[in-house]
Amino acid sequence: MYTTLTADDFRGHLHLPSNYVVDGLLLCGTWDIESETHKVPLLQKALASHFQTTITISRLPDRILAHGYEFHVDTKCYWFIPVMGTAIMSQYAHIACTLGAKKVVLMGVAGGLAKGMKSGDFIIPSATRGNESAALYQRDAVDSLFYPDKDL
């Protein structure tokens, strides 16, 4: 199914304008779905401070994209998706990439698992280990290590 649906198919199905493009995607893995009510204003404040402009964040327009938000910086459209679970994240990522997103940032809740760390600490891994699920699609990683895009 995913390989046969085009950007125009998604735009039509999701009631998006014919020229709708997603420029980037910020996925936020969370065990507390209700926490989005305080994450959205924090994201809005951080973006407004960084870009020194007013940033408006609103729900994505279609109920199928119910967990998602969109925000605009200049002429660019970005999605912010605070959800729990790799399956739903991969669906949002697939749709966003089909609609044009070239950069995807995944944040999660890994803090609190290591001594000296707490939930919310900023972690940039030098590599992650995967041996199941979607990780297997990167066939050239014979050691099961996956590395971040340093240019991002």
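Phe71 is buried in this predicted model, with a relative accessibility of 6%. Its aromatic partner is Tyr78, and the two rings are stacked, 5.5 Å from centre to centre with 20° between their planes. Tyr78, at 24% relative accessibility, counts as partly exposed.

A second look at the rings brings in Tyr69 and Phe80. Why is this pair called tilted? The ring centres are 6.3 Å apart and the planes stand at 35°, so the pair is tilted; that angle falls between the limits of 30 degrees for stacked and 60 for edge-to-face. Tyr69 belongs to strand E3 (residues 69-73) and Phe80 to strand E4 (residues 76-83), so their pairing ties together parts that are 11 residues apart in sequence. Tyr69 is buried at 9% relative accessible area, and Phe80 is buried too, at 2%. In total, the count of aromatic pairs is two.

Here are some residues with their relative accessible areas.

| Residue | Relative accessible area | State |
|---|---|---|
| Tyr69 | 9% | buried |
| Phe80 | 2% | buried |
| Cys77 | 4% | buried |
| Cys97 | 37% | partly exposed |

The table also lists two cysteines. How many disulfides are there? The count is zero.

**The chain as a whole**

Let us step back to the overall layout. The chain has three helices and seven strands. Read from the N terminus, the elements follow the order α-β-α-β-β-β-α-β-β-β. Of the 152 residues in the chain, 31% are buried. Taking contacts between residues at least 6 apart in sequence, 53% join residues at least 24 apart.

**Helix H2**

Helix H2 covers residues 36-51, which makes 16 residues. Its end C-alpha atoms are 22 Å apart, and this agrees with the 22 Å that it should span at 1.5 Å a residue. Which residues of H2 are buried? They are Glu36, Lys39, Val40, Leu43 and Leu47. These buried residues cover an arc of only 100° around the axis, which puts them on the same side of H2. Thr37, Leu42, Lys45 and Ser49 are exposed on the other side of H2.

The buried residues of H2 have a cover that includes strands E1, E2 (57-59), E3 and E4. After the helix comes Gln52, with a positive phi near 50°.

**Helix H3**

Helix H3 can be read in the same way. It takes in residues 86-98, 13 residues in all, and reaches 18 Å from its first C-alpha to its last. That is close to the 18 Å expected at 1.5 Å a residue. Met89, Tyr92, Ala93, Ile95 and Ala96 are buried in H3. They cover an arc of only 165° around the axis, and therefore sit on the same side of H3. Thr86 and Ala87, on the other side of H3, are exposed.

What covers the buried residues of H3? The cover includes helix H1 (7-13), strand E1 (24-29), E4 and strand E5 (103-107). Strands E1 and E4 therefore appear in the cover of H2 as well as in that of H3. Just after H3, Gly100 has a positive phi of about 120°.

**The nonpolar cores**

Now we can turn to the interior. The largest nonpolar core has 21 residues, and those with the most contacts inside it are Tyr20, Trp79, Ile81 and Leu99. H1, E1, E4 and H3 each supply at least two residues of this core. Which element gives the largest share of this core? It is H3, with five residues.

Leu99 makes a good example to look at in the structure. Leaving aside neighbours within four places in sequence, Leu99 is in contact with Ala7, Phe10, Arg11, Leu16, Tyr20, Val21, Val22 and Trp79. Tyr20 and Trp79 in that list are also among the residues with the most contacts inside the largest core.

Apart from this core lies another, of 11 residues, including Val40, Leu43, Tyr69 and Phe71. Val40 and Leu43 in this second core are also buried residues of H2, and Phe71 is the residue with which this report began, buried at 6% relative accessibility.

Conventions
Residues are numbered from 1 along each chain as its sequence is written. This is a predicted model: local features need pLDDT of at least 70, side-chain atom pairs count only at pLDDT 80 or more; totals for chains, interfaces and linings use all residues. Side-chain values use heavy atoms; hydrogens and water are left out. Rings of Phe, Tyr and Trp (its six-membered ring) pair if their centres lie within 6.5 Å; planes under 30 degrees apart count as stacked, over 60 as edge-to-face and the rest as tilted. Helices (H or I, at least four residues) and strands (E, at least two) are DSSP runs, numbered from the N terminus. Buried means under 20% relative accessible area, exposed over 50%, partly exposed in between (1.4 Å probe, protein chains only). The expected span of a helix is 1.5 Å times one less than its number of residues. The arc is that of the directions from the helix axis to the C-beta atoms. Contact means heavy atoms within 4.5 Å. A nonpolar core is a set of buried Ala, Val, Leu, Ile, Met, Phe, Trp, Tyr and Cys residues joined through side-chain atoms within 4.5 Å. A disulfide is a pair of cysteine sulfur atoms within 2.5 Å.
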